[in-house]
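Trainee: Could we go through this one together? I would like to learn how each label is earned.

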Amino acid sequence: MSGTIATLVTVLQSDGIIPRGSRVEVFDAIYWVFLVLGALVGIVVIGYMLYNAYKYRDVGETDEDAAESKKVERPKLGELPRGGGGGRKLFLSFTLSAIIVISLIAWAYGILLYVEEGAAEEPPTEQAEALEVQVEGYQFGWRFTYPNGHTVDSAVGDSFKVPADRMVRLNVTSADVFHNFGIPGLRVKSDAIPGQYTQQWFIAEDPGTNYTARCYELCGAGHSDMTATVEVMSQEEWQNWYEGTGNETETGDDGNQSDGGDDDGHALEDVLEEPVDYGMEVHA
Amino acid sequence: MPDDNNGDDGSVPSGERDASPESRADGGEVTDGGHAVREELPAGDEHGHDFPSMGTVKRWLVTTNHKDVGILYTVTSLFFLVFGGLLALLFRLELTTASGSFLTGTAYNQAVTAHGLLMVFFFLSPFAFGFANYFVPLQLGAKDLAFPRLNALSYWLYLLAGGLFGLSFLQGSTFAGGWTMYAPLNLPMYLPEGVGSTTAVMAMIMFVISVTVSSVNFLTTMHRMRAEGMRIRDMPLFSMSILLTVWMMLFAFAALLAALIILASDHILGTTYFAATEGGSLLWAHLFWFFGHPEVYIVFFPALGMMAEVFQTFTGRRIVGRKWFIAAMTLVALQSFVVWMHHMFLTSINLEIKTLFMATTIGISLPFDLMVFALIYTMIKGRIRFTTPFLFAFGALLLFIVGGITGVFLGAVVLDYEFRGTYWVVAHFHYVMVGGAMAMFGALYYWYPKMTGKMYDEFLGKAHFALSFVGFNLLYFPQFVAWETPRRVYNYQPEFVTWHQLSTVGAFVFGLSFLLMFYNFYKSYHHGEDAGDAPWKYASSAEWAIPSPPSLENFPGVPSYKGGSLSFLSEEEVHGAAAADGGPAHGHATGDAHAGGHDDHASYWPLLSSVAVFVLFVGLAGTNGGGTVYTATAALGGLALLGTAAGWVVESFHVSEPELASRWPFDGVENTKLGVWIFLASDVVVFGAFVGSYIFIRVAEGWQNWHHLLPADHVVLPGLINTYLLLASSFSIVLAMVAAEKKSRAGVVAGLVTTLVLGIGFLINKGIEWSHFFHIHSEHFPEGWTFGTNVASSTFYLTTGMHGLHVTLGLLVLLWMIPRAWRGAYTSTEDGDKPLEYFGLYWHFVDIVWLFLFPLFYIL
Ligand code: HEM
Ligand SMILES: [Cu+2]
Ligand SMILES: [Cu+2]
C-alpha cells in the first residue's frame, strides 16, 4: 500500500505533470484541477446520498413486511448501541477517497516544491537576474524599497513599478502590526509580520497593465483601504525609470506612525540568506 | 472539592412537575422492546429537596439540576445567536455596496469581531452543551453530573461572561482586532481607545474559566458515572462525541487561557509579550492556533454526534461501521493538536515544517471521509422518515461535504497561499460551522419533545428547514464565487458586488427563517400535542425510555445494561449487586447509608460567585486607564469572591455517587479526586503554555542575549531559598496526611500550620525580591525593573506571578482547613481525610511547577 503511494507520488511529481511558469499559470492549473475534481466528487457523493435517501424513504409498509423484505434488524429502545455492518463497503469507499485526496495533494506538493525551490533556482524567464524588493506594510499603506535604495510609498499615491517578464522577489515585513501583502491578479501573497521577513516571488507578464495590491490581514481601521497600485512596465521603460531614481536620498516617510521604537532598523542583511547587493547593476 | 458530602437532607416536597399518567402508560414500550422494567417511582422520590417549582424565577436562579442547566444553556445560546446574527445582518447590509457606506473603519471591525467571537464562543459551543447537559447524563444513566453546583457555576460564568462582552460595547468600543485577535493589533496601542477592548478580553477569560469547570465536570461524570454494563465504547454516539469534545476542550482551552491571561497582562500590567518585535506576533499565532484548530472540531464534533443519532433514529438503521466511526473521531481528536501551523503557511516557517503540517492536515481530513461515508451508508436499507430533525441532519451532512471538499483546497499549500485571508476561507468555514449549527437545530427539533413533553409543529419545522437551507446556500455559495474579496473589508473589488448582494439576500432569508423556529417552539409549548415518552420510532438511547420531560431524578430505578439492554434495578437489587461487585469500596465516597434519592438541587452560590467574578473582571479591565472607580470595583469583586467561596464550603450540599456504575478506567478513585486530577491536567497545559512562551520569546531574542535584559541583582539565592521552602512544605503536607491516617488531630494541625508558615515564607521572600527589582536604579535600569521594562521582566513576573497566585490560593484553602482540622474534621470519621488528600495533590503540583520555573528563571 505505502509502496503504491510512493510510486504514485513520484509519478505525480515528475516534471511532465507539474505546471511551470508564472504564479498565475501555476495557480490556474492547480485551481482548475481541484475545482473540476472537487465538483465531480461533490456531485457523485451528494448525488449518491440523495439517491439513497429517495430509494429508502419510508413508504409506510409495516415494520414486519419491511424487515422481511430487507432483512435488517432495527434499533430497539434500550439496547446498547451496536454498529450496523457494511464495513467492507465503507472501507472500499474510504480507500478510494483517500487515494484521490492523497494523490491530489502529492501532486500539489510537487507544485509547492516548484514554487518554493524550483522557480527560485531557475526562474522561468529569459531575464535570469531577479529583482529584489523589500515590501513594508504599515498602518495604512505599503512601502517598496528597490535595490538602489529608492523607496515608493502607496500612501502618497506612488505606484509599485515592476518590469514585465522578470522575476520579482519580495521580502515582506511590517513596521507595526500583522498585515498581509497580496496582489490577487498576480497570485502572490505573503504575511507581513513585524520583526520577520517572508519571501515570495511573482512574474508579471503584460506590460501596461495595472494591478491592485491589497492587505489580507485585518490591521485596524484603515485595513479596507490599504491598497497599492502595481504598474507593470516593459523592461526598457522600467529600466529608464529605474535609472532615474538611483541617487536619491531616502526620504523617510515619517508621517506614518511607528509605535515607539520597535523598528530599530535591523538591517535587511541580517535576515536574508544572501545579502542583497544594493550596488547591483541591472542590464536589460 | 466543594461538592463533597457534608450535609444532611431536608425533606420538603418538591414542586417538580411529575410525569403525567399518560406518558407513563406509553412507556410500556420499554418492557415490550427489551428487558427493561419500569417500576413505579419509589415514594421517596418526592422528598428531599427544598426546591422551588419550574414556574418560579427562584428555581432558575438556584437550580443545579443538569436538565434545568441544559435548558438555561440552550435558551441563552439562542439569545447569543440572535445577537451575533443581527451583527452579521448589519455588516451584510454594508457589503451590498463595494465601498464603505454606513459601517466603516473601526465600527465595521468591531461588528465583524464581535460576530465571530459571539458565534463561535457564545453560541456554538454553549448550544451544544445545552444538549450535553440535558442528555449526556440521561444517555449514560446518571442522575446528574458529578458536581452539580460546579455545573451551575459554569452556566452563570458563561452567561455573565456574555454580559461582560455586551458591556464592552458600552465602554467606547469593543475589541476590534478580529476573532483571531492577532498580535500586536490586539494591544491597547493599536486598538480603539477606552477600556472596552480590555473588558472584551476579560469576558473571554471568564468564558474560558466556565469551559474549564465544565470540562472537568463532564470528564468526571462520563468516566465514572455510566450505568452498569455501559463501557466507554457503548455510549451512544452523541455522548461519545461529547466525551471527545470535552477532552479536546480541556487541553485546547487551557492554551487559550494562557494566551488570554498573557494578553490581559499586556493590557493591564503593561507587560510586553506581544509587543515584542522579535517573535511577539508569531507567539500569539502559535498559541491561538494551538487552541484554534482543535476548536474547529470542538464546535463540530457535537454536531456530528447529533447527526449520527438522528440518522440512526430516522433511517431505522444502526450506524454502519460504528466502531470505525468512533476510532475515526478519536484519531481526529488526537491529531487536532498537531495541525495548527496550517494556519500559518504564509508566515516565515520553512518548507520542512510546511510539508509536515500539510501532511498532518491531509491526514486529519481522511477520517472525516470515513465518517461521511458511514452516515451515507447508514441510509441503505433504511426506512427513512423525512421529519424536520432528519431534514436538518441530512442537509447538514450535505453542507459538510461541500465544506470538506473546499477545505481540501486549503490543505494544498499553494492554493492556500492564494485563499488565505479571502472569502474562500469565510465561505468554507461557514459551510462547516454553520453546517454544524444546522445539525444542531435538527437536534433541537429531535429533542424538543423530550425536553418539553410537547410535539412541535411538523409543517412549520419543514418550512423552517426549506427556508434556512435555501437561504444558507444563497448566503454562502456566492462567497465562493467572489472569493477574491479580502476578508474583513467593506471596500472591495466592484466586480463582485452582485455576488455580495445575492449573499445579503440569502442572509436575510436565512435569518428570518429562524422566526419560524421560535414561533413554532413557542406555540407548541403552549398548544402542542403531548409527545409521549418515545415519539420517535427506532430511537434507542435511554432518554427515550423515560417520561417527557423526565422527572427530577431521571430514572424510575437504577439504570443498568448488565443484561445487554436497559433495565432499571430496585434499591435492593442494587445493594445485592454492589455487594457482589466488591462491596461498598466503590460507593463509599458518600459515606451515606441511603445514598439513593436525597440529593440537593439548589444553591445560590454558583450565581453569587459568578456575579462576584463579573464585578472583579469589570474592575480589573479598567485598572489601567479607567480610574480609581475601577480599582475599587475590582477590590469589591475580589472580596465578594472570597466571601462567596466561603459560602460554597459552608453550605451543606449533598450529592451521592452512584453505587453501581461503570467506571473504567478510574475505578479506584472517587469523583472529587478524579476532578482534581483532571483540573491539574489542564493546569499543566496552562503552565506549559507559559513556559513555552517564555522559551519562544527567549529564543527569538537570542538565548544568551537574555542576560543583558536582566538586572545584576537578579541572582539565584532568593529562588533557591524558595525552592527549599516549597520542598519542605510538600513534606509537611505529607506529614499532615500521615497524621490524619493515624487519627492524630494535633499532628494534622501541626502539619497544616507548618505548610502555611512555609508558604507564607515563600510569598514574603518573593515579595522582597520583587520589590527590590521594582526599585532598582542601575545604569541599565534607571527606572527600576518592572513588568513592562523588557521581555525578560515581563516573562519573569508573569510566569512566576501565576505560580505565586497558585500558592496564594493554596494558602487561602489552608486558612480554611486549619480551624476545621482543629475541630477534628479530618480525623473523626473514616473518610474524613479525603479533603487533605485533594489539597495535597494540588500542593504537590504547585511545588513541581516551581521545580521547573526555578532553573528556567534563575539559573539558565
Ligand atoms: C453558527 C453561526 C456562525 C458562526 C459560527 C460564524 C462564525 C464566523 C466567524 C468566526 C467569522 C470570522 C470573524 C472574523 O473574521 O474575525 C465570521 C465572519 C463572517 N460571518 Fe459569520 N458565523 C455564523 C453565522 C453567520 C451568519 C448567519 C452570517 C450572515 C448573515 C454570517 C456572515 C459572516 C460574514 C459575511 C463574515 C465575514 C466578514 C468579513 O470578513 O468581513 N455569519 N463568522
Ligand atoms: Cu490590513
Ligand atoms: Cu486548523
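Trainee: Which side chain has an N or O atom 3.4 Å from an oxygen atom of ligand 1?

Mentor: That is the side chain of B:Y423. Do keep in mind that this is a predicted model.

Trainee: What makes that a polar contact?

Mentor: The cut-off for a pair of N or O atoms is 3.5 Å, and B:Y423 has an N or O atom at 3.4 Å, so the pair counts as a polar contact. The side chain of B:Y108 also has an N or O atom 2.8 Å from an oxygen atom of ligand 1. B:W179 uses a backbone N or O atom instead, again at 2.8 Å from an oxygen atom of the ligand.

Trainee: Which element gives the most residues to the shell around ligand 1?

Mentor: α5(B) does, with eight residues. The shell has 26 residues, and among those that come nearest are B:H115, B:H430 and B:R488.

Trainee: Why is the arrangement around the copper ion (ligand 2) called tetrahedral?

Mentor: Start with the donors: A:C215 (SG), A:E217 (O), A:C219 (SG) and A:H223 (ND1), at 2.1 to 2.6 Å. Four donors count as tetrahedral if all angles lie between 85 and 135 degrees. Here the angles run from 86 to 130°, so the arrangement is tetrahedral. For reference, the ideal angle for four tetrahedral donors is 109.5 degrees.

Trainee: How do you know that A:C215 and A:C219 are buried?

Mentor: Buried means under 20% relative accessible area. A:C215 has 2% and A:C219 has 0%, so both count as buried.

Trainee: What are the protein donors of the copper ion (ligand 3)?

Mentor: They are B:H293 (ND1), B:H342 (NE2) and B:H343 (NE2), lying 1.4 to 2.1 Å from the ion. In sequence these donor residues are spaced H-x48-H-H. B:H293 belongs to helix α9 of chain B and B:H343 to the loop between α10 and α11, so the pair ties together parts 50 residues apart in sequence.

Trainee: Why is B:H343 called partly exposed, and is B:H293 buried or exposed?

Mentor: Partly exposed is the range between 20% and 50%. B:H343 has 22%, so partly exposed is the label that fits. B:H293, at 6%, is buried.

Trainee: Why is the pair of B:F392 and B:Y445 called stacked?

Mentor: A search of the whole structure finds 118 aromatic pairs over all chains. For B:F392 and B:Y445, the centres are 5.6 Å apart and the planes differ by 20°. The limits are 6.5 Å for pairing and under 30 degrees for stacking, so this pair is stacked. B:F392 lies in helix α12 of chain B and B:Y445 in helix α14, 53 residues apart. B:F392 is buried at 0% relative accessibility, and B:Y445 is buried with 0% as well.

Trainee: What sits over the ring of B:Y538?

Mentor: The charged end of A:R74 does, 5.8 Å from the ring centre. The distance limit is 6 Å. B:Y538 also has a positive phi, near 75°, in a residue other than glycine. This residue is in the loop between α16 and β1 of chain B, and its 7% relative accessibility makes it buried.

Note on methods. Residues numbered from 1 in each chain as written. Chains lettered and ligands numbered in written order. Predicted model: local features only at pLDDT ≥ 70, side-chain atom pairs only at ≥ 80, totals over all residues. Heavy atoms only, no water. Phe/Tyr/Trp six-rings, centres within 6.5 Å; stacked < 30°, edge-to-face > 60°. Helix = DSSP H or I, 4+ residues; strand = E, 2+ residues; numbered from the N terminus. Buried < 20%, exposed > 50% of the residue type's maximum accessible area, 1.4 Å probe, protein only. Lys NZ or Arg CZ within 6 Å of the ring centre and 35° of its normal. Donors = N, O, S within 2.8 Å, 3.2 Å for Na, K, Ca; no water. Tetrahedral: all angles 85-135°; square planar, octahedral: opposite > 155°, others 65-115°. Near = heavy atom within 4 Å. Polar contact = N/O pair within 3.5 Å; in protein donor to acceptor, adjacent residues only side chain to side chain.
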